[in-house]
Amino acid sequence: MTKKGIILAIILFILLVTIIIVVATQNTKPNNVLGSQNLSESSIEYKEQTELDITEETGFDLEKLKAYKLPVLIQFANLEDEICFNMQSDVEELNEKMKGKAIVKFLDIKKYSDLIKDERLNINSVPVQLLINSDGTPYKGEESEIFGYKKIKSEDGTHIYTIHEGDLTLEEMKAIITKMTIK
């Protein structure tokens, strides 16, 4: 190999190593895109919000859940109740399948009834599902005792919540969430 060839090989080698180092350091630097820091914090909060159970540790902040602009289905249940116990696996499966598309939560009212601060919900029978559209409004399903839907209104008559009383299959819950997705 000539002296020129050796020098060219060394330059190419140094250039290649420099490119590799630059690419490697670019991939480890935090992304400087506007708002990326908030996005990562939001992602952490979102991960917490997609956990299935509502407990004393996770709390129950309905306004925070609405802020994600995703449909929300909250299952109020008592696992000592046979229907609630039988629905638990469907609610768990729905939570896994709908991550990123909807927020599905489970609140054991026997353990954590003190987390439900709004008496207007009046969860007397279980299972009960609270249904919220992706835009944060109550689900607009047809109020029907036959189908188990109930609209809860404020003192001035404003529709504030929609609940479903009774059991639902996995397919029925998926269909409701699809209807609650507002584009």
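**Helix α1, strand β2 and the salt bridges of the predicted model**

V17 lies in helix α1, which spans residues 3–28. The structure described here is a predicted model, and in it V17 is partly exposed, with a relative accessible area of 32%. V17 also belongs to a nonpolar patch on the surface, formed together with I6, I10, F13, I14 and I21, and the accessible area of these residues together is about 550 Å².

In contrast to this surface patch, strand β2 is mostly covered, six of its six residues being buried. The side chains of the strand are divided between two directions, with V72, I74 and F76 pointing one way and L73, Q75 and A77 the other way, and all are buried. Strand β2 runs parallel to strand β3, which comprises residues 103–108, and six bridges join the two; within this pairing, the bridge partner of F76 in β3 is L107.

Within β2, which covers residues 72–77, Q75 was examined further. Q75 has a relative accessibility of 1% and therefore counts as buried, since the cut-off for that class is under 20%. The side chain of Q75 makes a polar contact, at 3.0 Å, with the side chain of Q129. When its neighbours within four places in sequence are left aside, Q75 is in contact with M87, V91, K105, F106, L107, P127, V128 and Q129. Among these contacts, K105, F106 and L107 fall within the residue range of β3 (residues 103–108), the strand that is joined to β2 by six bridges.

The loop between α3 and β2 contains K69. Although K69 is not a glycine, its phi is positive, at about 60°. K69 counts as exposed, at 55% relative accessibility, whereas Q75, in the strand that follows this loop, counts as buried at 1%.

A search of the whole structure finds five salt bridges, three of which are described here. Side chains of opposite charge can pair when their charged atoms come close. In helix α3, which spans residues 62–66, K66 and E63 are three residues apart and are therefore separated by about one helical turn; their side chains meet in a salt bridge with an N to O distance of 3.4 Å. The two partners differ in their exposure, because K66, at 18% relative accessibility, counts as buried, while E63, at 52%, counts as exposed. Both values lie close to the limits of their classes, given that buried means under 20% and exposed over 50%.

A second pair is found in helix α4, which spans residues 82–97, where E93 and K97 are four residues apart and thus separated by about one helical turn. The side chains of E93 and K97 meet in a salt bridge at 2.9 Å, N to O. Both residues are partly exposed, E93 with a relative accessible area of 33% and K97 with a relative accessibility of 43%. A further salt bridge is formed between E96 and K99, the closest N and O atoms being 3.3 Å apart. In this pair E96 is exposed, with a relative accessible area of 53%, whereas K99 counts as partly exposed at 36% relative accessibility.

Technical notes. Residues are numbered from 1 along each chain as its sequence is written. This is a predicted model: local features need pLDDT of at least 70, side-chain atom pairs count only at pLDDT 80 or more; totals for chains, interfaces and linings use all residues. Side-chain values use heavy atoms; hydrogens and water are left out. A salt bridge is a side-chain nitrogen of Lys or Arg within 4 Å of a carboxyl oxygen of Asp or Glu. Buried means under 20% relative accessible area, exposed over 50%, partly exposed in between (1.4 Å probe, protein chains only). Patches are made of residues with over 30% relative accessible area and no salt bridge: like charges are joined within 9 Å, nonpolar side chains (Val, Leu, Ile, Met, Phe, Trp, Tyr) within 5 Å. Accessible areas come from the Shrake-Rupley method with a 1.4 Å probe; for residues, only the protein chains shown count as cover. A polar contact is a pair of N or O atoms within 3.5 Å; within protein, one must be able to donate a hydrogen and the other to accept it, and residues adjacent in sequence count only if both atoms are side-chain atoms. Contact means heavy atoms within 4.5 Å. Two strands pair if DSSP finds at least two bridges between them.
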